[in-house]
Amino acid sequence: MNERMTYNGHTGSRFFAALLAALCLAGCAKSIILDDGESSIPMQFGVYSARSAEATKADDSYVAPGVTTLPSGSSFGVFAYYQEGVVGTSTAHWTDGGRTPDFMFAQQVSFDGAAYSYSPIRYWPANEENTISFWAYYPYGAYSTDNTGTLKFYSDAACTSAYTASSTGLPVVEYTVPADPANQSDILFESFNNKDKTYANCSPTEGVVPLNFRHVLCAVQFAVEMPSGAGSQGDLSLKEGGSYVHDYSFTFTDLTINGLPREGICTDVSAATVSWTTSGSFDASSTVYNPSTGRTDNFILLPTTLGDGITLDATMELKFRAEDDPDNRSADLVYPFTVTGLKLNTIEDASNTAITVWETGKRYVYTLQLSLDRIEFSAAVSDWDTESIVSITD
């Protein structure tokens, strides 16, 4: 008997009338007893995202530093693969080549900061020999069913056949990086540890599917480090009482990373460390700079080997308030800095090792260290020469 319990109109027809009744009562009961004596348990989701490091991102998909839940108001997509089990066997039911995502296909699950919700509700099979396997991706908005989004799903490695509810196995993923960092998404994949799940063997709570997301792209950020004694950075016009608060301001007026890979294909989304085959080339530019952190926003990019063609161009501006005319912004002292064609594979980390690869799930912060040697003065007076006596005669 097919125990697939779903409320999507294409399977489980004998439960249809009972499920309508169950939906009406879902707000006041966790378990609904159906006419045939079987129990209908709604599926729920819990999400624990991989820990990410610090920074900001214009795109709302960015998972904040140290946070292990997704941003409030965000949503992710779920594929669910139903399989009937054989009573008395301990063999895992899942096989990559034979299961289809027709139980849930890119089902949107929304997070309001406290709870996860989706519609229509799906229900666990009453027979625990029948299991469901889950794979998920984030953010939901990066994918579109017609494959017009930046995140696309295919059933073949050549990316020619679209992934549908009748496709077998997990999808092949293609991602195209938007040129504008404000539109770049923090793409996360679920680790696919949720194979062959039943209501009873879900954790941490029975019936709750514990999705564990991890970052599959890399983040690149640029910072500036001022020398000690440079004073306080910020808005030069800011006052507290009659005194100005800040001594200088710094801005990346324009920053461009040249020669980045544009498209990536991932053929094994369940791998412990996702790998991408990349192609194409583009330049990513930003003018965003946060004075309070001394850093730019993140560029969310495809992992890649840094060849000589991946370079940095940057235009920066350092301003000091003119002490003799502090209320006149046009009197500020302005120092421009320019970097052109800097090969990023020549930049060394703290251990003096050149970073030649941007890896999946890692962040890289490149710091510009400004050396501002002050013009200072000292003085000494030479002693008078030995006294000379001169006689003046007619």
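Begin by selecting C266, which is buried with a relative accessible area of 0%, and keep in mind throughout the tour that this is a predicted model. Add C202 to the selection: this cysteine counts as buried as well, at 5% relative accessibility. Because a disulfide requires a pair of cysteine sulfur atoms within 2.5 Å, the viewer should draw no such bond here, the count being zero disulfides.

Next, go to P261, which sits in the loop between strand 15 (248-260) and strand 16 (263-266). Is P261 buried or exposed? With a relative accessibility of 9%, P261 counts as buried, because the cut-off for that class is under 20%. Show its surroundings, and, leaving aside residues up to four places away in sequence, you will find that P261 touches V177, T278, S279, G280, F282, L302 and T304. For one of these, T304, it is worth drawing the C-alpha to C-alpha distance, since P261 and T304 are 43 residues apart in sequence and 7.4 Å apart in space.

From the loop, step back into strand 15 and display the open sheet to which it belongs, where four strands follow one another in the order 18-15-23-24 with antiparallel pairing. Strand 18 (282-286) and strand 24 (333-343) are the edge strands, each pairing on one side only. Neighbouring strands of this sheet are turned by 10° against each other on average, with direction ignored.

Finally, zoom in on the pairing of strand 15 with strand 18, which run antiparallel and are joined by four bridges. Select I257 here, and then its bridge partner in strand 18, which is A284.

Methods: Residues are numbered from 1 along each chain as its sequence is written. This is a predicted model: local features need pLDDT of at least 70, side-chain atom pairs count only at pLDDT 80 or more; totals for chains, interfaces and linings use all residues. Side-chain values use heavy atoms; hydrogens and water are left out. Buried means under 20% relative accessible area, exposed over 50%, partly exposed in between (1.4 Å probe, protein chains only). Helices (H or I, at least four residues) and strands (E, at least two) are DSSP runs, numbered from the N terminus. Contact means heavy atoms within 4.5 Å. Two strands pair if DSSP finds at least two bridges between them. Axes are lines fitted to C-alpha atoms, for helices over the stretch in contact, and angles run from 0 to 180 degrees between N-to-C directions.
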